[in-house]
Amino acid sequence: NLNRAAELVTNFKKLAVTQDNEHMTNIDLQALIADVLTSMHTEMETIKPEVNVDCPADLKINAKASAIQQILQQLIANAMTHAFNTQHPARIDIKVTASAKQLQIDFSDNGTGIAQTLQPRIFDPFVTTTRGSGGSGLGLHLVYNLATQALGGSVYLAHSDEKGSHFVVQFPYTEVK
């Protein structure tokens, strides 16, 4: 366990350095989301959630692509690990809206929700409900760090109950014409 914890911390530090050094780049956001979903296909194969993406087709932005990609990957992985059971078809909704130089990504699922007692701490490091099953508790902490530090924005849990969870990620961006 100590070796595993040390490896997690080392990987986390490497990621932080990578994020600090990343340059802004032009991104076709709809294509980026499609690429993330393609890359996560194997992780989603068992549960096979219905994924609905609502993103303007012509939305091109200048931002840190890998930070956005990792946020989406972590939110999807978190939903796959914690949200879904076999009692109903799984669904993930990703909605992107842009206004006044602020981009918002709404990520919601129809899973089991997050326990009320855990909600105030979900972005803290090492908070997990699957510690005995290999969960590290770093997924949402990573999302928080990427959203706030790499992108200069915010992330919060809009709501979570037995009908699912809804996360909101917001960050400044520059539109590319």
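# Reading the sheet, its helices and the core

Mentor: Let's start with a helix on the sheet: α5 lies across β6 and β7, running at about 140° to β6. Keep in mind that this is a predicted model.

Trainee: What makes us say that α5 lies across β6 and β7?

Mentor: The term rests on contact, which means heavy atoms within 4.5 Å. α5 is placed across β6 and β7 on that basis. The angle compares N-to-C directions on a scale from 0 to 180 degrees, and α5 is at about 140° to β6. Another helix, α4, lies across β4, β5 and β7, at about 15° to β5.

Trainee: How do you know that the length of α5 agrees with what its 12 residues should span?

Mentor: The expected span is 1.5 Å times one less than the number of residues. For the 12 residues of α5 that gives 16 Å, and the end C-alpha atoms are 15 Å apart, so the two agree.

Trainee: Why is α5 called mostly covered?

Mentor: A residue is buried if its relative accessible area is under 20%. In α5, 9 of the 12 residues meet that condition, among them G139, L140, H141 and L142. Just after the helix comes G152, with a positive phi near 70°.

Trainee: What makes V155 buried or exposed?

Mentor: The cut-off for buried is under 20%. V155 has 9% relative accessibility and therefore counts as buried. V155 lies in strand β6 and, setting aside residues up to four places away in sequence, touches F123, V143, Y144, A147, V168 and V169. Its C-alpha atom is 9.2 Å from that of N145, 10 residues apart along the chain.

Trainee: Now the sheet. Why is it called open and mixed, and what is the strand order?

Mentor: The order of the 5 strands is β2-β4-β5-β7-β6, and the pairing is mixed. β2 and β6 each have a single partner strand, so one side of each has no neighbour in the sheet, and these two stand at the edges. From one strand to the next, the twist averages 10°.

Trainee: How do you know that β2 and β4 pair, and in which sense?

Mentor: At least two bridges are needed for two strands to count as paired. β2 (residues 50-54) and β4 (residues 91-99) have 5 bridges, in the parallel sense. V51, for instance, stands opposite I92 in β4.

Trainee: And in which sense do β4 and β5 pair?

Mentor: Antiparallel, over 8 bridges, with β5 covering residues 102-109. V96 has I105 of β5 as its bridge partner, and S99 stands opposite Q102. The two strands form a hairpin with 2 residues between them, and A100 in the turn has a positive phi of about 45°.

Trainee: What makes the phi of K101 worth a remark?

Mentor: Most residues other than glycine have a negative phi. K101 is not a glycine, yet its phi is positive, near 65°. K101 sits in the loop between β4 and β5.

Trainee: Why is K101 called buried or exposed?

Mentor: Exposed means over 50%. K101 has a relative accessible area of 61%, so K101 is exposed. K48 makes a parallel case: this residue has a positive phi of about 50° without being a glycine, in the loop between α3 and β2. At 57% relative accessibility, K48 is therefore exposed too.

Trainee: What makes the nonpolar core a core, and which residues touch the most other members?

Mentor: Members are buried nonpolar residues joined through side-chain atoms within 4.5 Å. The largest such set has 47 residues, and those touching the most other members are L29, I61, I68, L103, I105, F167 and F171. α2, β3, α4, β4, β5, α5, β6 and β7 each give two or more residues, and α4 gives the largest share, 10 residues. Beyond its neighbours within four places in sequence, I61 has contacts that include L29, I68, L103 and F171.

Trainee: Finally, how many helices and strands are there, and what share of the chain is buried?

Mentor: There are 5 helices and 8 strands, and buried residues make up 44% of the 177 residues. Among contacts between residues at least 6 apart in sequence, 70% join residues at least 24 apart. The accessible surface comes to about 9,800 Å², with 51% belonging to carbon and sulfur atoms.

Definitions and conventions
Residues are numbered from 1 along each chain as its sequence is written. This is a predicted model: local features need pLDDT of at least 70, side-chain atom pairs count only at pLDDT 80 or more; totals for chains, interfaces and linings use all residues. Side-chain values use heavy atoms; hydrogens and water are left out. Helices (H or I, at least four residues) and strands (E, at least two) are DSSP runs, numbered from the N terminus. Buried means under 20% relative accessible area, exposed over 50%, partly exposed in between (1.4 Å probe, protein chains only). Accessible areas come from the Shrake-Rupley method with a 1.4 Å probe; for residues, only the protein chains shown count as cover.
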